[in-house]
Amino acid sequence: MRIHFKTGYGQDIRLFEDSREAVQNALLILAAVSAPWWLDEYMLGEVTYVLIWILAGLGLMILAGHTGQPSLGHGAFLACGAYMEVILLEAGVPFVLSLPLAGLFAGVVGAVVAIPALRMSGIYLAIATLAFGIMTEDIIILLTPWTGGIEGVFTPTISLLGIEIDRYGDPDRFYWLCLFVVILITVGYKNILRSPTGRAFTAIRDSEVSARAMGVNVARMKTLAFGLSCFVTGLAGALLAHYLTAFNYEAFLILISIQLLLMVTVGGLGSIHGAYYGAIVIGLLPVVIATLRQEISDFLGAGNSSVPGMETAIFAVIIVAFIIYEPLGIYGRWTKIRIWLELFPLARKDMFRRQKSYLKTERMK
Amino acid sequence: MSLLSVRDLSISFGGVKAVDNVSFDVEPGEVFTIVGPNGAGKSTIFNLISRIYDPSSGSISFDGQDITRSRADEIAPLGIARTFQNIELFEHSTVMHNLLVGQHSRRTTSWLSDALFLPATRREEHNMREKAEQVIDFLDLQPYRDKLIAGLPYGVRKVVEIARGLASDPRLLLLDEPASGLSVEETQDMAFWIEDMQKDLGITILMVEHDMSLVNQVSDRVLALADGRSLAFGTAEEVQSHPDVIAAYLGVEEDA
Amino acid sequence: MDFLQLLVGGIANGCVYGLVALGFVLIYKATEAVNFAHGDIMMLGAFVALTFVNHEWMGLPFWLGLILSVIVMGVFCYLLEVVVIRQLFGQPQFSVVVLTIALGFVLRFFAGVIWGHEPQSLETPMAGKTMNFGDIVLGYDEAFVIIATIILAGGLYLFFARTRLGVAMQAASQNQLAAYYMGIPVKRISSLIWAVAGMTAAVAGTLFASKGSIDPSLGLLGIKAFAAAVIGGFGSLPGAIFGGLIIGIVEPMAQAYAPPGYSQIAPYAIMLLVLVFRPNGLFAQIQQKKV
């Protein structure tokens, strides 16, 4: 086990715990930046897609993982970002401005949605956001003049300070753009977590009463969490618009929202890593299933025809397994494996045993 | 002038008067204890002071400022910290993290400065950590500094909750049954800490407690409650020998 | 008269929503878990009934099929609780939410594999028969739905108010540990509650199938039932039925009177309005946590 001898307060607030972690992250970024040189075009496209999902997942993680406010309708904010991006670009706003503005729009919508959501908690919030997510597709169609409704819209090509970035024409540049945004947001996210704002978020998650007694303005902090979360997801939506190049309401069905939530749960709620792991699973799953497709079809006796909805079902089974056996997600499992290895051979068998707890009602009647 | 003054405070839940016309004043620097049987309304008074409940009548003022209608999160910045009867720590965080949240009411930076980790945030983080280390030293929590709350023994959690309160540099500390669930030794430690907080840090303490040994040891003045009404008031001995108090505890009929 | 005709159809639909909502509420009341897969369990119930009744499958009489479907779904949900849900005993509410969402996907997938994705309809003795009250036409199927709902709701009410088991179930929902100390077998009670909810869902599914065609995506109807449960207050059995009726009535009304495009969002919009102005539902049961 690594032991840190701390000699100053600065050591506690560094971005990385020690130099080893810093080097690891630097190597990771280096590998990511150089990806266009060692990945073929198809895989690069897939990785870009994973990056966009990571971004969307980071957004939801702020809200669901760190503030404890589950949202089952985050696809709505993805849509906000995507449509706003197209509208702004078509109005002639340069990309440097349109991207943050699209995110900002989603963030403002999120903060407005937060106002009624503040009065709800737990299950009511989940259901309200679910309803919001379901209504998204209908609202997109109602707003046809702006959203193109069923016909959909085409995303204009990005022109960033004179450089053309086309998703198909210049996949490398688009990949780097997405990577840059993801890294930027991740650093900002880490900064939030190591400062009073992030601590207030987790305080609200763990005990709202207590947070209030510590002087946390819960209403304002929740609104802020909603705003930041939707801003990040909105950014992901704007990038998604460019990734899809053409899309309509079907890109934002309720399934997307649910998939997003399942994704961060599998990755590990309450950790930045979780958003990454979850998105990687989502991104890789279709590839794995494509290779195993024949075997699974045979097993189910469905013959050669592909079974519709199989990807979702397999993903769902993975979720069930994780919820039951590893509620902390991939990140939690990874942490345990690492600790076990570091302590080897001293780890005890029931070191990670979950505490049994009885449920007490939150109802007073 | 008294630090905290409670006047004619009342609240009822579903027709039952949980607190009925209670008045008292807490003087600066003293340890003021509220005793009483279960259901006497002691914790309710705490929840009224920390503004979790709204009183149906009466007033609360702190340092001359009326706080009867303040929001719950406006209480901590005034210099009132509290602990909870059933421990409400942030379970999934470390002790250090809890102590840092305890200082939330002292924060000066905005979220934007936090997201960019500007020098102001960095400076504030340094100061908050320095304060947290002082509290850790004061309450001998060094071994648990980076441990998660979820894995700590009950007695330690009680101390951490007090530490979290202390981290905010309070002028008034509300302790809701600090000795409940503690062993004899732990209770003794608790008594010393309460005395230290009062004498060394100059913090005024308002406490609800059942354990009479602790009450006798640390309290300057004691208020006895039963069924939401105040029964007796005075030093620990005076209150304990008061016939009404004995009757309330032993359940003796008033005319017996 | 058009209005009254819509009202009758809405009430019949609302009864189905109400029954599904009842299932949510039952499970929520007893275990404080919210079963997002309940709509899919209803779908499963409908298909099981269809398998017993329809001629290309087993061709049993309708009433026998209904009873068998109720039994099968009761056993299925009991086992589901024992095998899967119980693993999460004492875990946060949110885990159960995610788990049941995922379970819903799995159920929908298997239903698709077994019964296919083509819409099918249940053969019932009520099909096509109507009675006339003045200008209003009431289908036998609609009458059946309304009557069955009243009977079932009444039965459940008596069960919870009068029987030992029902009272024990209520106790377990308040405080599991305390109930356990009082000698109530909390775990078995949870399983039984799931069974009861599954049986209710089977009835709701069969009722729905007797009025129209079903396919594996029927489970999404569960979300409307959710809206119903929320409007009712998520902890109140009469509230669930009432919420179901509101949703059921609003839907055809919005279709008839609101501008096109708005009718789909009407049920959710109403639910959101209720949540905004009465965050705990019209029949509030949940209050602030005590410290």
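**Figure 1. Two domains of chain B and the distance between their centres.** In this predicted model, the centres of domain 1 and domain 2 of chain B, taken over C-alpha atoms, are separated by 26 Å. According to the domain assignment, domain 1 of chain B is made of two segments, 1–79 and 170–256, while domain 2 of chain B covers 89–169.

**Figure 2. Where domain 1 of chain B meets domain 2 of chain B.** Let us move to the contact region. Here 11 residues of domain 1 of chain B are in contact with nine residues of domain 2 of chain B. Two elements of chain B, strand S7 (172–176) and helix H6 (184–199), each provide at least two residues of the domain 1 side that touches domain 2. What is the make-up by class of that side of domain 1 of chain B? Eight of its residues are nonpolar, two are polar and one is charged.

**Figure 3. The open, six-stranded sheet of chain B.** Follow the strands across the sheet of chain B and you will meet them in the order S6-S7-S8-S3-S9-S10, with mixed pairing. Strand S6 (80–82) and strand S10 (229–234) of chain B are the edge strands; each has a single partner strand, so one side of each has no neighbour in the sheet. On average, neighbouring strands of this sheet are turned by 20 degrees against each other, direction ignored.

**Figure 4. Strands S7 and S8 of chain B, with helix H6 packed on the sheet.** S7(B) and strand S8 (residues 204–208) of chain B run parallel and are joined by five bridges. For a residue-level landmark, look for Asp176(B), which stands opposite Val208(B) in S8(B). Which strands does H6(B) touch as it packs on the sheet? They are strand S3 (31–35), S7 and S8 of chain B. The direction of H6(B) makes about 150 degrees with that of S8(B). The same helix, H6 of chain B, also supplies at least two residues to the side of domain 1 that touches domain 2, as does strand S7 of chain B.

**Figure 5. The fold of chain C, with its 11 helices and four strands.** Along its principal axes, the C-alpha trace of chain C spans about 60 × 45 × 35 Å. Why does the radius of gyration of chain C, 19 Å, agree with a compact globule? Because a compact globule of 291 residues would have a radius of gyration near 19 Å, the value for chain C fits. Of the 291 residues of chain C, 53% count as buried. Turning to contacts between residues at least 6 apart in the sequence of chain C, 76% join residues at least 24 apart.

Notes:
Residues are numbered from 1 along each chain as its sequence is written. Chains are lettered from A and ligands numbered from 1 in the order in which they are written. This is a predicted model: local features need pLDDT of at least 70, side-chain atom pairs count only at pLDDT 80 or more; totals for chains, interfaces and linings use all residues. The radius of gyration is taken over C-alpha atoms; the globule rule is 2.2 Å times the number of residues to the power 0.38. A residue is buried if 20 or more other C-beta atoms lie within 10 Å of its own, exposed if 12 or fewer, and partly exposed in between; C-beta atoms are placed from the backbone. Two residues are in contact if their C-beta atoms, placed from the backbone, lie within 7 Å. Domain bounds come from an automatic or database domain assignment. Ala, Val, Leu, Ile, Met, Phe, Trp, Tyr, Cys and Pro count as nonpolar, Asp, Glu, Lys and Arg as charged, and the others, Gly among them, as polar. Two strands pair if DSSP finds at least two bridges between them. Axes are lines fitted to C-alpha atoms, for helices over the stretch in contact, and angles run from 0 to 180 degrees between N-to-C directions.
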